[in-house]
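Visitor: I would like to learn how to read a sheet and the helices that cover it. Could you take me through an example?

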Amino acid sequence: MSAARDNVMARVRKALGKRERDEPGFAAAEAYLAARAQGPRPALAGDLVERFMRRARDMESTVERIVDRSEIPAQIARYLQAPQLSPASSPQKSNEGVCWPEFAALDWSGAGLKIEARPTTGSDRLGITGVFCAIAETGTMVIMSSADTPTATMLLPDTHVAVVAAGRIVAGMEDAFALIRRERGELPRAVNLISGPSRTGDIEQTIVLGAHGPYRVHILVVSNC
């Protein structure tokens, strides 16, 4: 990705009559790429948050909107009590799990949960993560690795609870990658685009959830996060 981008930048600099990265023409080349035209996109009417929540539900996620991140433990505890699982699936239901470091200080024990800020293992049934941004058009969440959330923490257990800041819901995929470039400068080691629970239709074209990852995805959209 980096080599391909450098090649594009070199061609743009050449077209602008500049050769070296530190010459004034480099900033002009960056501006030229940033202003490039995008392909046709559907017009999104209405509120982006409501659009994202509706599309996420279309993807078989469950979604709830809350005001403040302090509500997260109690809302997750209530969610975990709701599902009526079959006897074969009952081991998936657990009040114990893992979370990203950014949620370690929340009052998990007060909500009756045992949540640890550590990478997940094969025995974990519940995983709680943050989200870099979310895409209203498709109901997709963008989750990326970082120094605090290495790739190993992103192998999600049976139940994935994702915390989405309402202010970081963008219109489309193009906006999500523009936000990554603006805030990160370059793509991290892992970028995951998640649209609902894991599924497959490989066998007799029958959709089966939980084939390659979480059986269920619950999204908390937080207004003040």
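**Reading the sheet and its cover**

Guide: In this predicted model, six strands form an open sheet in the order 1-12-7-4-2-3, and their pairing is parallel. Strand 1 and strand 3 (114–116) are the edge strands, and because each has a single partner strand, one side of each lacks a neighbour in the sheet. From one strand to the next, the twist averages 25°.

Visitor: How many bridges join strand 7 and strand 12, and in what sense do they pair?

Guide: As a general idea, strands of a sheet pair through backbone hydrogen bonds, in either a parallel or an antiparallel sense. Here strand 7 and strand 12 are joined over seven bridges in the parallel sense, and A162 has I219 of strand 12 as its bridge partner.

Visitor: Which strands does helix 4 lie across, and which of its residues are buried?

Guide: The general idea is that an α-helix has 3.6 residues a turn, so residues three or four places apart point the same way. Helix 4 (residues 72–81) has seven of its ten residues buried, namely I72, P73, Q75, I76, A77, Y79 and L80. Helix 4 lies across strand 1, strand 4, strand 7 and strand 12, at about 155° to strand 1, and these four strands are among the elements that cover its buried residues.

Visitor: What should I notice about aromatic rings?

Guide: A search of the whole structure for aromatic pairs finds zero, whereas the ring of F132 has the charged end of R168 sitting over it, 4.8 Å from the ring centre.

Notes:
Residues are numbered from 1 along each chain as its sequence is written. This is a predicted model: local features need pLDDT of at least 70, side-chain atom pairs count only at pLDDT 80 or more; totals for chains, interfaces and linings use all residues. Side-chain values use heavy atoms; hydrogens and water are left out. Buried means under 20% relative accessible area, exposed over 50%, partly exposed in between (1.4 Å probe, protein chains only). Helices (H or I, at least four residues) and strands (E, at least two) are DSSP runs, numbered from the N terminus. Contact means heavy atoms within 4.5 Å. Rings of Phe, Tyr and Trp (its six-membered ring) pair if their centres lie within 6.5 Å; planes under 30 degrees apart count as stacked, over 60 as edge-to-face and the rest as tilted. A charge sits over a ring if NZ of Lys or CZ of Arg is within 6 Å of the ring centre and within 35 degrees of the ring normal. Two strands pair if DSSP finds at least two bridges between them. Axes are lines fitted to C-alpha atoms, for helices over the stretch in contact, and angles run from 0 to 180 degrees between N-to-C directions.
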